[in-house]
Amino acid sequence: MKKYKIAVIAGDGIGPEVIDEGVKVLNKVAALAGNFEFDFTYFPWGCEFYSEHGKMMADDGMELLKAFDAIYLGAVGFPGVPDHISLWDLLLIIRKEFDQYVNIRPVKLLEGAHCPLSEVNREDIDMLFIRENTEGEYSGAGDWLFKGKENEVVLQNGVFSRKGTERIIRYAFETAKKQGRSLTSISKANALNYSMVFWDQVFEEVSKEYPEVETSSYLVDAAAMLMISDPKRFEVVVTSNLFGDILTDVGAAIAGGIGLAAGANINPEREFPSMFEPVHGSAPDIAGQGIGNPLASIWSASQMLDHFGYEQYGKMIIDAIEQLLIEGHTLTPDMRGSASTSEVGDRLIDIIATSQTLNV
Ligand code: NAD
Ligand code: IPM
Ligand code: MN
């Protein structure tokens, strides 16, 4: 029996609530599959850990995580700890040190999911965002000079390396080629006269290796508009770290809400564990009430199954989510329902079990 060792960093706010449901679903799928299982190890890192120990994770945390096949993360950040500390010292450091340079974020409107766009065909919202995840605007390079003085200056540098830019664009081309879909690059070379001019140039260069992939290129401001007014233009999309962050929240809004948006932080070389997490944060405004929507974290669990090569089970989870949305009676309040987090997880497990029985 193949055993996958998963490090669970449930984190803050609704993180632990939604992760519990994802763990339930993963265990259910493994039980049905019968030829693999999960061994979950929980790490109590996050803002509460910080308030006790003055750090977001154990000193040897990164070393400990290396031994796992994957990391399953809830959310990080809570009032009381400055966000730039909580996120940099846990989530962002993992993405960077484990070279998880590909952030895969599907923006796909499932049947039954609410869409605020009335003039758009539902099937036209089916994008796959590939966000650069280790450098760019999130390089962390900069300085804060003459702090508090009249001549105070703050520098926040974007870093776009040849290696980092080429590899994310190439990964996106490979994905588009494999899926037989077009690839759109989103940048901003009119204003960012070094980084994004370079990005566009690299996109152009790499595109020559993939003559079979149809390409488009948009400025980020226009792209934000077009995602709403004409979403069918976007199939596979490649963009920088910050643009990808912002645009995938736009994506979440048009594809069922932030409670449904999932992301995978992938180290394609598999030298380090990859990390799976919902796109949303710790939702302090609803934390502790047991009403956080677990579907995003469950969707990210399906991305974990894909990563392990069990695409059929990954799809089984997405199909079950879709069926749950179509049924429409076991949904959390953000989806206009009145179910609790665990009721959604339980219903999903029932759906998975039933569909499995029908398939046999
Ligand atoms: P957020 O995603 O936590 O919340 C935004 C809004 O969406 C809130 O009203 C919240 O209640 C709602 N929401 C989010 N997820 C939901 C879910 N699963 N079910 C129901 N409602 C949900 O974003 P924010 O308020 O900007 O940030 C809160 C904290 O989370 C901050 O500390 C921020 O830095 C952090 N954050 C962490 C991550 C991460 O860990 N990956 C991502 C984004 C924000
Ligand atoms: C996300 C989050 C993170 C990001 C934050 C919390 C650092 O917003 O995963 O979308 O910007 O990458
Ligand atoms: Mn974000």
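In this predicted model, ligand 2 takes up the space of the second largest pocket. Ligand 1 sits in the second largest pocket too.

Start with ligand 2. Its surroundings are made up of Leu-87, Leu-92, Arg-95, Arg-105, Arg-131, Tyr-138 and Asp-245. By type, that shell splits into three nonpolar and four charged residues, with no polar ones. Helix H4, spanning residues 83-97, provides the largest share, three residues. The shell draws on both domain 1 (1-106 + 256-360) and domain 2 (115-254), so ligand 2 lies between the two. Oxygen atoms of the ligand pair up with several side chains: the N or O atom involved is 2.6 Å away for Tyr-138, 2.7 Å for Arg-95 and 2.8 Å for Asp-245. On its own, ligand 2 would expose 320 Å², and the protein buries 77% of that.

Ligand 1 has 22 residues around it, and the closest are Asp-83, Gly-281, Ala-283, Asp-285 and Asn-293. Here the shell breaks down into eleven nonpolar, seven polar and four charged residues. H4 turns up again, giving the largest share of this shell with three residues. As for polar atoms, an oxygen of ligand 1 lies 2.7 Å from a polar side-chain atom of Asp-285. A nitrogen atom of ligand 1 is 2.8 Å from a polar backbone atom of Asn-293, and the side chain of Glu-277 has an N or O atom 3.1 Å from a ligand nitrogen. Of the 800 Å² of accessible area that ligand 1 has by itself, the protein covers 70%.

Definitions and conventions
Residues are numbered from 1 along each chain as its sequence is written. Chains are lettered from A and ligands numbered from 1 in the order in which they are written. This is a predicted model: local features need pLDDT of at least 70, side-chain atom pairs count only at pLDDT 80 or more; totals for chains, interfaces and linings use all residues. Side-chain values use heavy atoms; hydrogens and water are left out. A residue is near a molecule or strand if one of its heavy atoms lies within 4 Å of it. A polar contact is a pair of N or O atoms within 3.5 Å; within protein, one must be able to donate a hydrogen and the other to accept it, and residues adjacent in sequence count only if both atoms are side-chain atoms. Accessible areas come from the Shrake-Rupley method with a 1.4 Å probe; for residues, only the protein chains shown count as cover. On a 1 Å grid over the protein atoms alone, a cavity is a set of points where a 1.4 Å probe fits but cannot get out, and a pocket is an open set with protein on both sides within 12 Å along at least five of seven lines; lining residues have an atom within 4 Å of a point. A molecule sits in a cavity or pocket if more than half of its atoms lie within 2 Å of its grid points. Helices (H or I, at least four residues) and strands (E, at least two) are DSSP runs, numbered from the N terminus. Ala, Val, Leu, Ile, Met, Phe, Trp, Tyr, Cys and Pro count as nonpolar, Asp, Glu, Lys and Arg as charged, and the others, Gly among them, as polar. Domain bounds come from an automatic or database domain assignment.
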